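Please open the model in your viewer, with the sequence panel beside it, and follow the stops below in order. Each stop says what to select next and what can be found there.

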Amino acid sequence: QRHLDGDSEAFGALMRRHEQELMAFLTRFMGNRAMAEDAFQEAFLQLHISAGTFDTSKRLKPWLFTIAANKARDAFRSRSRKSAAPLDASIGGGEDQDSYASIMPSSVPAPDKNIVNLELRLAVEKIVEALPDPLRIVLVLCYFHDFAYKEIADMLALPLGTVKSRLHAAVGRFAGQWKA
């Protein structure tokens, strides 16, 4: 409401309040940090543009996550239509040809950091990323972000029964892959 009333600090406060959880959701859902950052920015841009249509008697978080999920789906569709250069493609025309990968800064932590649960976390991420989008988004919203089934149904514009059946299917597939 403060943002709608013209408070110039309010929008930044909203971004800071939801940044960590929304980025975690988008990164898990999309499986790619850079794409998640883009979707995050697009979601907040859309939030700003559509702020006047928000019903302030309702909670903002489900509406924001709905916008973010839609932006993530848009990015998936857009990515499937574009071709990308491989990271090992050479750049420049000189004798010592660099690749994109050789000039990109790395955000990978040193090998001795966070090694304890790395394999377990990577195994979980791999299984979650392999789930079909309709199952993955329901699983991530429910288990990683603690949204209620009804909130997920509202966010994704799905019947409550569909959310429950997709979650059941997602958990079943996850368990099957985990055992394998």
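Begin by selecting Phe25, Phe29, Phe65, Phe76 and Phe147, which ring pairs link into a cluster; rings of Phe, Tyr and Trp (its six-membered ring) count as a pair if their centres lie within 6.5 Å, with planes under 30 degrees apart called stacked, over 60 edge-to-face and the rest tilted. This is a predicted model, in which local features need pLDDT of at least 70 and side-chain atom pairs count only at pLDDT 80 or more, while totals for chains, interfaces and linings use all residues. Residues are numbered from 1 along each chain as its sequence is written, and side-chain values use heavy atoms, with hydrogens and water left out.

A search of the whole structure finds eight aromatic pairs. Keep Phe29 and Phe76 selected: their ring centres are 5.6 Å apart and their planes stand at 70°, so this pair is edge-to-face. Phe29 belongs to helix H1 and Phe76 to helix H3, so the pair ties together parts that are 47 residues apart in sequence; helices (H or I, at least four residues) and strands (E, at least two) are DSSP runs, numbered from the N terminus. Are these two residues, Phe29 and Phe76, buried or exposed? Both Phe29 and Phe76 are buried, where buried means under 20% relative accessible area, exposed means over 50%, and partly exposed lies in between (1.4 Å probe, protein chains only).

For a second ring pair, move to Phe174 and Trp178, whose ring centres are 6.0 Å apart with planes at 10°, so this pair is stacked. Both residues lie in helix H8 (residues 160-179), four residues apart, which is about one turn of the helix. Trp178 has a relative accessibility of 42% and counts as partly exposed.

Now return to Phe147 and add Lys61, whose charged end sits over the ring of Phe147 at 5.1 Å from its centre; for this, NZ of Lys or CZ of Arg must be within 6 Å of the ring centre and within 35 degrees of the ring normal. Lys61 also meets Glu21 in a salt bridge, at 3.0 Å from N to O, the term standing for a side-chain nitrogen of Lys or Arg within 4 Å of a carboxyl oxygen of Asp or Glu. This bridge links distant parts of the chain, since Lys61 is in helix H3 (residues 60-81) and Glu21 is in helix H1 (residues 10-30), 40 residues apart. With 19% relative accessibility Lys61 counts as buried, whereas Glu21, at 27%, counts as partly exposed.

The structure holds eight salt bridges, and two others are worth selecting. Asp74 and Arg77 form one whose closest N and O atoms are 2.4 Å apart, and these residues, three apart in helix H3, are separated by about one helical turn. Asp74 is partly exposed at 34%, and Arg77 is partly exposed at 43%. Lys150 and Asp154 form another, with closest N and O atoms 3.0 Å apart; they are four residues apart in helix H7 (residues 149-156), again about one helical turn.

Finally, show the whole protein chain, which has eight helices and two strands and follows the pattern α-α-α-β-β-α-α-α-α-α along the sequence. Of its 180 residues, 31% count as buried.
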